[in-house]
Amino acid sequence: MEDPEFAARHIYGQAEAPVTLLEFGDFECPFCAAAAPILRELVDTSQGQARLVFRHFPLFEPHPHALIAALAAEAAGEQGAFWQLHDELFAHQAHLGDGDLVRLGERLGLDTSTMVGDAAQRFGPAVQTDYAAGAEMGVHGTPTVFVNGDPYTGRLDLPTLRTTVARALRDTDRSRVAPG
């Protein structure tokens, strides 16, 4: 069953959608960048049946800027702009240093004073909580996606994901009408 903690942060789509796609991602991961528009399109075309929940899983060794990008995204989220910065970070993966993050924030009209450096460290516990939750759920790489709490092992393409969401909807509908 879904952890209520995951229901509260970084939701794209309708909060009450019956199908939850939980993504553990890394802003410096090229596979996450490729998956992002597909996951967003899936939600956008689901007629309110699916939502995307994003959780941070920065892979520190191969992606040295992933953590500071996650902290900046949390700062943007505090200003109601998580998804806008999410898209910008993936679009500019080769430029995720402190100065780059400030420029991206300025372009979005954000207060950049908490996006980098010591001020951004207050968002560390949120990123650490996401990372620990992912590790506990068996996440080893990114992107890792769960559909209504079950690991998704299919291709990250629109047709396969649509089939998976349709199956999850059928399962959800059956569990609602099953005698208790």
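Here are legends for a set of close-up views of this structure, which is a predicted model.

**View 1. The sheet, strand by strand.**
Start with the open sheet, where 5 strands line up in the order β1-β3-β2-β4-β5 with mixed pairing. The edges belong to β1 (11-12) and β5 (150-151), each of which pairs on one side only. Moving in from β1, you meet β3, and these two strands run antiparallel over 2 bridges. Look for I11 here, with V53 as its bridge partner in β3. β3 also pairs with β2, this time in the parallel sense over 7 bridges; V19, for instance, has A50 of β3 as its bridge partner. On to β2 and β4: they pair in the antiparallel sense over 4 bridges, and E23 stands opposite V145 in β4.

**View 2. β3, covered on both faces.**
How many of the residues of β3 are buried? The count is 7 of its 7 residues. In a regular strand, side chains take turns between the two faces of the sheet. Here A50, L52, F54 and H56 are on one side, R51, V53 and R55 are on the other, and all of them are buried.

**View 3. Helix α4 against the sheet.**
Now bring in α4, which lies across β1 and β3 and runs at about 70° to β3. This helix is mostly covered, with 7 of its 10 residues buried. The buried ones are F82, W83, L85, H86, E88, L89 and F90. What covers them? The cover includes β1, α2, β3, α3 and α5.

**View 4. The largest nonpolar core, with F27 in it.**
This core has 45 residues, and the ones that touch the most other members are L21, F27 and L89. The elements that give two or more residues to it are β2 (19-25), α2 (30-44), β3 (50-56), α3 (66-78), α4 (82-91), α5 (98-107), β4 (144-147) and α8 (158-177). Zoom in on F27: setting aside neighbours within four places in sequence, its contacts include F54, H56, A69, A70 and A73. F82, H86, L89 and F90 are also in contact with F27, as are Q93 and L96.

**View 5. A second core.**
A separate core of 7 residues can be picked out too, and V53, L59, V139 and F146 are among its members.

**View 6. A cluster of rings, and a charge over one of them.**
Which residues do ring pairs link into a cluster? They are Y12, F27, F54, F82, W83 and F90. Y12 has another partner worth a look: the charged end of R40 sits over the Y12 ring, 3.9 Å from its centre.

**View 7. One ring pair up close.**
The structure holds 10 aromatic pairs, and this view picks out F60 with Y131. Two numbers describe any such pair: how far apart the ring centres are, and the angle between the planes. For F60 and Y131 the values are 5.6 Å centre to centre and 45° between the planes, a tilted pair. The two residues come from distant parts of the chain, 71 residues apart: F60 sits in the loop between β3 and α3, and Y131 in helix α7 (residues 124-136). Are these rings buried or exposed? Neither label fits: F60 is partly exposed because its relative accessibility is 43%, and Y131, with a relative accessible area of 29%, is partly exposed as well.

How values were computed:
Residues are numbered from 1 along each chain as its sequence is written. This is a predicted model: local features need pLDDT of at least 70, side-chain atom pairs count only at pLDDT 80 or more; totals for chains, interfaces and linings use all residues. Side-chain values use heavy atoms; hydrogens and water are left out. A nonpolar core is a set of buried Ala, Val, Leu, Ile, Met, Phe, Trp, Tyr and Cys residues joined through side-chain atoms within 4.5 Å. Buried means under 20% relative accessible area, exposed over 50%, partly exposed in between (1.4 Å probe, protein chains only). Contact means heavy atoms within 4.5 Å. Rings of Phe, Tyr and Trp (its six-membered ring) pair if their centres lie within 6.5 Å; planes under 30 degrees apart count as stacked, over 60 as edge-to-face and the rest as tilted. A charge sits over a ring if NZ of Lys or CZ of Arg is within 6 Å of the ring centre and within 35 degrees of the ring normal. Two strands pair if DSSP finds at least two bridges between them. Axes are lines fitted to C-alpha atoms, for helices over the stretch in contact, and angles run from 0 to 180 degrees between N-to-C directions.
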